[in-house]
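Q: I'd like to learn how to read the confidence and the sheets in a model like this one. Can we go through it together, with the structure in view?

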Amino acid sequence: MRRFLMFLVVTIIAVSLGLTVYAFIKDDEVISINTTPIYLNVGQTLSLNDIDFEHIKAKDGTVIDFNAGSQTVRDHIEYNVDTKVFTAKVGGSVTLLITSSHKKYNNFQIEVTIGDGSS
C-alpha cells in the first residue's frame, strides 16, 4: 500500500510539473484581420476597426507592419502610425500587405479598390 501511495504522489507531482511547464511555454497570441475586399474613394479613411483587426494577448516582441506593401501600394494608400488609419490617396487597385514578426502568422493581404470619380 505504501508503494502505491508513493506512486500516486510521484505521478501527481509529475503531471503538475508538466502542466506548469505547458502553461508557461504555450503561445496563445492571436492576430485576426478580416481580409474581404474593400472599396474606398480618394480621401476616404479606413481604420483598423473597419478591417476587424484584433491582437489578443500580444507579446512585446511581436511587430505588426501595416505599411509592408511595395512603393506602388504606398502611393495609393497611406497608413498613419499615430492615428492607426489608412487614407486613400489616388485611384486604382492595390493589394494591402500586412505582415507580422510572429512566425506563426503568414502575411495578411487585403484587396483594396480606390475610386477616383472616373469610370
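Q: Which element of the protein chain has the lowest mean pLDDT, and which the highest?
A: The general idea is that where pLDDT is low, the predicted coordinates should not be read in detail. This is a predicted model, and among the elements of its protein chain the lowest mean pLDDT, 84, belongs to strand 5 (residues 64-65). Helix 1 (residues 2-25) has the highest, at 92. For the protein chain, the mean is 86, with 99% of the residues at 70 or more.

Q: OK, on to the sheets. What is the strand order in the open sheet of three strands?
A: In general, strands of a sheet pair through backbone hydrogen bonds, either parallel or antiparallel. Here the order reads 3-7-6, and the pairing is antiparallel. Strands 3 and 6 sit at the edges with a single partner strand each, so each has one side without a neighbour in the sheet. From one strand to the next, the twist averages 25°.

Q: How many bridges join strand 3 to strand 7?
A: Three, between strand 3 (residues 45-47) and strand 7 (residues 85-88), running antiparallel. To see the register, find Ser47: across from it in strand 7 is Val85.

Q: And on the other flank, how many bridges join strand 6 to strand 7?
A: Four bridges hold strand 6 (residues 77-80) to strand 7, again antiparallel. You can follow the register from Ile77, whose bridge partner in strand 7 is Ala88, to Glu78, which stands opposite Thr87.

Q: What do strand 6 and strand 7 form, and how many residues lie between them?
A: They make a hairpin, with four residues between the two strands. Look at Lys84 in the turn: its phi is positive, about 55°.

Q: Now the open sheet of four strands. What is its order, and why is one side of strand 2 and of strand 5 left without a neighbour?
A: Read it as 2-9-8-5, with mixed pairing. Strand 2 (38-41) and strand 5 are at the edges and have a single partner strand each, so one side of each lacks a neighbour in the sheet.

Q: In which sense do strand 2 and strand 9 pair, parallel or antiparallel?
A: Parallel: strand 2 and strand 9 (residues 108-115) are paired over four bridges. For a landmark, go to Leu40 and look across to strand 9, where Ile114 stands opposite.

Definitions and conventions: Residues numbered from 1 in each chain as written. Predicted model: local features only at pLDDT ≥ 70, side-chain atom pairs only at ≥ 80, totals over all residues. Heavy atoms only, no water. pLDDT = per-residue confidence, 0-100. Pairing = 2+ DSSP bridges. Axes fitted to C-alpha atoms, helices over the stretch in contact; angles between N-to-C directions.
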